[in-house]
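Reader: Please take a close look at the strand pairing here, and at the side chains that go with it. Give the cut-off behind each term as it comes up.

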Amino acid sequence: HLACADVLSAFEGIPSDQWLTGKVVSTPKFGAFVEVTAPKGGATAQGLVHITQIQDGFVESVADVLQMGQEVQVRVTSVDMGAGKMSLSMKEE
């Protein structure tokens, strides 16, 4: 799920309180990978919503809460250009 740095750079400046619409692409045990489109330029990348960032309260199984292809609202919490990873949250700040 690594993205190249030039794609991730489009997400680097997005404030963490700005909500983006994304689509769930996979739901491993530890969270959900969500594909999002940058507001400027239209670059798309996948980020991880960790299981603790899906909702307030305990999530036993990601698949109970999220389905593949489901549209979700997420915000960018961190972009790691070196590792090619982006962290997302579905919870309020």
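Author: Two strands count as paired if DSSP finds at least two bridges between them. Strands themselves are DSSP runs of E with at least two residues, and helices are runs of H or I with at least four, both numbered from the N terminus. The model is predicted, so to speak of a local feature requires pLDDT of at least 70 and a side-chain atom pair counts only at pLDDT 80 or more, while totals for chains, interfaces and linings use all residues. Residues are numbered from 1 along each chain as its sequence is written, and side-chain values use heavy atoms, with hydrogens and water left out.

The strands form a closed barrel of 5, in the order 1-2-3-5-4, with mixed pairing. On average, neighbouring strands of this sheet are turned by 55° against each other, direction ignored. The axes behind that angle are lines fitted to C-alpha atoms, for helices over the stretch in contact, and angles run from 0 to 180 degrees between N-to-C directions.

Start with strand 1, residues 20-26. On one side, strand 1 runs antiparallel to strand 4 (residues 71-80), joined by 4 bridges. Thr21 has Gln73 of strand 4 as its bridge partner, and Gly22 has Val72. Strand 1 is also antiparallel to strand 2, again with 4 bridges. Here Ser26 is bridged to Phe33 of strand 2. The link between strand 1 and strand 2 is a hairpin through 4 residues.

Strand 2 covers residues 31-37, and 5 of its 7 residues are buried. Buried means under 20% relative accessible area, exposed means over 50%, and partly exposed lies in between (1.4 Å probe, protein chains only). Phe33, the partner of Ser26, is buried at 13% relative accessible area. Phe30 is partly exposed, at 42%. These two rings belong together, as the structure holds 1 aromatic pair. The ring centres of Phe30 and Phe33 are 6.2 Å apart and their planes stand at 90°, so the pair is edge-to-face. For rings of Phe, Tyr and Trp (its six-membered ring), a pair needs centres within 6.5 Å; planes under 30 degrees apart are stacked, over 60 edge-to-face, and the rest tilted.

Strand 2 then meets strand 3 (residues 44-50) in antiparallel fashion, through 7 bridges. Glu35 stands opposite Gln46 of strand 3. The hairpin between strand 2 and strand 3 has 6 residues between them, and Gly41 in its turn has a positive phi of about 90°.

Strand 4 also pairs with strand 5, antiparallel and over 5 bridges. Asp80 has Lys85 of strand 5 as its bridge partner. In this hairpin 4 residues lie between the strands, and Gly84 takes a positive phi near 70°. Gly82 is in the loop between strand 4 and strand 5 and is exposed at 79% relative accessible area. The C-alpha atom of Gly82 is separated by 7.6 Å from that of Ala5, 77 residues away along the chain.

On the way into strand 4 there is Met68, in the loop that follows helix 2 (62-65). Met68 counts as exposed at 55% relative accessibility. Apart from residues up to four places away in sequence, Met68 touches Val24, Val25, Ser26 and Thr27, where contact means heavy atoms within 4.5 Å. Met68 and Thr27 are 41 residues apart in sequence, and their C-alpha atoms are 7.2 Å apart.

Two side chains remain. The charged end of Arg75 sits over the ring of Trp19, 5.9 Å from its centre; the criterion is NZ of Lys or CZ of Arg within 6 Å of the ring centre and within 35 degrees of the ring normal. Lys91, in the segment after strand 5 (85-89), is in contact with both Trp19 and Arg75, among others including Thr52, Ile54 and Asp56, leaving aside neighbours within four places in sequence. The Lys91 side chain reaches the backbone oxygen of Thr52 at 3.1 Å. Such a polar contact is a pair of N or O atoms within 3.5 Å; within protein, one must be able to donate a hydrogen and the other to accept it, and residues adjacent in sequence count only if both atoms are side-chain atoms.
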